[in-house]
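Here's a quick briefing to read alongside the structure. Have the viewer open and follow along topic by topic.

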There are 2 protein chains.
Amino acid sequence: MFRLSKGAEYAIRGVLHLSLQPRGRVAYIDEIATAQGVPRAYLAKIFQYLSKKGFLKSTRGAGGGFVLDRDPGEITLLDVIEAMEGPIHLNDCLIHKDFCERVDTCPVHDVWREAQERFLESLSSCTFEKLAESPKLKKATKTKKKK
Amino acid sequence: MFRLSKGAEYAIRGVLHLSLQPRGRVAYIDEIATAQGVPRAYLAKIFQYLSKKGFLKSTRGAGGGFVLDRDPGEITLLDVIEAMEGPIHLNDCLIHKDFCERVDTCPVHDVWREAQERFLESLSSCTFEKLAESPKLKKATKTKKKK
DNA sequence: ATATTTAAGACCTTTTTAGTCCTCTTTATA
DNA sequence: TATAAAGAGGACTAAAAAGGTCTTAAATAT
């Protein structure tokens, strides 16, 4: 199955939300979960995990919450996805060099290798800085203001 | 998780095996399973399924087995994968147009759409005719003959 | 007849996904 | 210093998907 897990999807939404905050502003789970349409408890667990991985910094207690611990320009979609799901291997035979005993005789191997390269490129060339600058987000804000 | 299922992997090996047979030669499960390193009973189920889907034609009884029911040049990797796993959607939000209520405000959506296009292109541009012509396979045959 | 082959479907185990829930700790502030 | 507001940590669960096996039946060549 080639599908992004919910966990990674939610992680992306969360990191994007933080990328959109004014520099230094602390956001807390409840706010983010509501804004991004993510189950609160699940997001809490995800953020806890992303903190350990060095994407976020948390502060406990009243007024606490999360901030990005890296520049949004230095975080790619691929980073967040692989943090949540582990390294991407489109086919088991791409896990290790020499893992697949068929590598020398299997013509499909090369197709996978190239497909994977292209796929990773798609995801790694997209930073959260870039995402945060999307005109779509500005449009959304405008719409809200009109209301 | 972005990973090819075993079922699809085995299906690919099976179809490739059939693509390599002399035109009209019937191959049977036991032979293919052994040659391709696939659990026999599982491959039987997979082939049964691929027959229903119109990729293979089966004949029962002694001397029976499977042949391709399409030209290898007309079957792509994507065809076989989607037959086994269903249509590929890298993200749930790509399932239907207008499925994702965030489509107008979510900047990630477009990244997924493009990544998916490129990915499908990688898989659909590879036919079994092309795979069967790979020099790798000829090398493998040579090696065997030497033995 | 019998041996060989697929067809069909019931059944099973393990892994992954997608969460929830409860208790504990930290911290600002009234 | 009591209290409310936050995250930390871990146990737990339900549902779905993955990856099979097994048994019985039907077809067919010899």
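How much of the accessible surface of chain A belongs to carbon and sulfur atoms? The share is 52%, out of a total of about 8,200 Å². Keep in mind that this is a predicted model.

**Chain A at a glance**

- Chain A has seven helices and two strands, and reading from the N terminus the order is α-α-α-β-β-α-α-α-α.
- Measure the box along the principal axes and the C-alpha atoms of chain A take up roughly 60 × 35 × 25 Å.
- Of the 147 residues in chain A, 50% are buried.
- If you take the contacts in chain A with a separation of 6 or more, 61% of them join residues 24 or more positions apart.
- On the charge side, chain A carries 25 positive and 19 negative side chains, with 13 Å between the centres of the two sets.

**How the two chains relate**

- Chain B lands on chain A after a rotation of 180 degrees, with 0.0 Å of shift along the axis and an RMSD of 0.1 Å.
- The two copies are therefore related as by a two-fold rotation axis.
- Both copies use the same surface, since 100% of the contact residues of chain B turn up again in chain A.
- Looking for the residue of chain B that comes closest to the rotation axis? That's Phe2(B), whose C-alpha sits 2.1 Å from it.

**The strand pair in chain B**

- Strand 1 (residues 56–59) of chain B runs antiparallel to strand 2 of chain B, and four bridges link them.
- One bridge to pick out is that of Lys57(B), whose partner in strand 2 of chain B is Val67(B).
- Five residues lie between the strands of this hairpin in chain B, and there Gly61(B) has a positive phi near 85 degrees.
- In a regular strand, side chains alternate between the two faces of the sheet.
- Strand 2 (residues 65–68) of chain B is covered on both faces: Gly65(B) and Val67(B) are buried on one side, and Phe66(B) and Leu68(B) are buried on the other.

**Helix 4 of chain B**

- The buried residues of helix 4 (residues 77–85) of chain B are Leu77(B), Leu78(B), Val80(B), Ile81(B), Ala83(B) and Glu85(B).
- Their cover comes from both chains: it includes helix 5 (108–124) of chain A, along with helix 1 (6–19), helix 3 (40–52), helix 5 (108–124) and helix 6 (128–132) of chain B.
- Right after helix 4 of chain B comes Gly86(B), with a positive phi near 85 degrees.

How values were computed. Residues are numbered from 1 along each chain as its sequence is written. Chains are lettered from A and ligands numbered from 1 in the order in which they are written. This is a predicted model: local features need pLDDT of at least 70, side-chain atom pairs count only at pLDDT 80 or more; totals for chains, interfaces and linings use all residues. Side-chain values use heavy atoms; hydrogens and water are left out. Buried means under 20% relative accessible area, exposed over 50%, partly exposed in between (1.4 Å probe, protein chains only). Two strands pair if DSSP finds at least two bridges between them. Contact means heavy atoms within 4.5 Å. Accessible areas come from the Shrake-Rupley method with a 1.4 Å probe; for residues, only the protein chains shown count as cover. Lys and Arg count as positive and Asp and Glu as negative; His and the chain ends are not counted. The place of a charge is taken as NZ of Lys, CZ of Arg, CG of Asp or CD of Glu. Copies are superposed by least squares on the C-alpha atoms of residues with pLDDT of at least 70 in both.
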